[in-house]
Amino acid sequence: MGEKLIRYSPWLIHFNTGACNGCDIEVLAALTPFFDPERMGVKLAPNPRHADIMVVTGAVTKKAASRLKRLYEQMPSPKYVIAVGACAISGGVFAGSYSTVSGADKVVPVDMYVPGCPPKPEAILDGIVKLLLKVGRGG
Ligand code: SF4
């Protein structure tokens, strides 16, 4: 309470780096009017050049890793990354496999982790709010 939120409305891009679609469905649910993220100014950006936060879902496959890095580089600073779900955090059940890099933070800096397989929409929104509070405090 009384903590300072980031001052602008953060726009998101969502990148599936190899998810089973479980986490993606929850991210999409979190963005619906039912959960109403626009009350916090949170909405999808049309492209990475307009985005403040990248939401990553899925085990990062070696094929997707270069795309993930490229998308991140296209975002203007300041920019933040949220890893949603066990796969994006550590590779999940695919950790250590020949085709993955076992976590988005092996490719781009991750500022917030939302655990679960998949996490609920409420947990994803909670992760976004915690990131905004962290950023608002200059953390
Ligand atoms: S964390 Fe679970 S739900 Fe999400 S992409 Fe991985 S296996 Fe699918």
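This passage describes the sheet, the ligand shell and the unusual backbone sites of a predicted model. Local features were accepted only at pLDDT of at least 70 and side-chain atom pairs only at pLDDT 80 or more, whereas totals for chains, interfaces and linings use all residues. Residues are numbered from 1 along each chain as its sequence is written.

Five strands form an open sheet in the order 2-1-3-4-5, with parallel pairing (strands, E, of at least two residues, and helices, H or I, of at least four, are DSSP runs numbered from the N terminus; two strands pair if DSSP finds at least two bridges between them). The edges are strand 2 and strand 5 (112-114), each of which pairs on one side only. Strand 1 (residues 11-16) is joined to strand 2 (residues 43-44) by two bridges, and the bridge partner of Leu 12 in strand 2 is Leu 44. Between these two strands the chain passes through helix 1 (residues 22-30), in a β-α-β crossover that is right-handed (with the strands pointing away from the viewer, the path from the first strand over the helix to the second runs clockwise). Strand 1 is also joined to strand 3 (residues 53-57), by five bridges; in strand 3, Met 54 is the bridge partner of Ile 13 and Val 56 that of Phe 15.

The residues around the ligand (C-beta atom, placed from the backbone, within 6 Å of it) include Cys 20, Cys 23, Cys 87 and Cys 117, together with Thr 57 and Pro 118. Helix 1 and helix 3 (86-90) each supply at least two residues of this shell. By class, the shell has seven nonpolar, five polar and no charged residues, where Ala, Val, Leu, Ile, Met, Phe, Trp, Tyr, Cys and Pro count as nonpolar, Asp, Glu, Lys and Arg as charged, and the others, Gly among them, as polar.

Most residues other than glycine have a negative phi, and most peptide bonds are trans. A cis bond nevertheless joins Cys 117 and Pro 118, with omega of about -5 degrees, and Pro 118 lies in the loop between strand 5 and helix 4 (121-136). A second cis bond, with omega of about 0 degrees, joins Ser 77 and Pro 78, the latter in the loop between helix 2 (62-74) and strand 4. Asp 36, in the loop between helix 1 and strand 2, has a positive phi of about 55 degrees; Asp 36 counts as exposed because it has 12 C-beta neighbours inside 10 Å (buried means 20 or more other C-beta atoms, placed from the backbone, within 10 Å, exposed 12 or fewer, and partly exposed in between).
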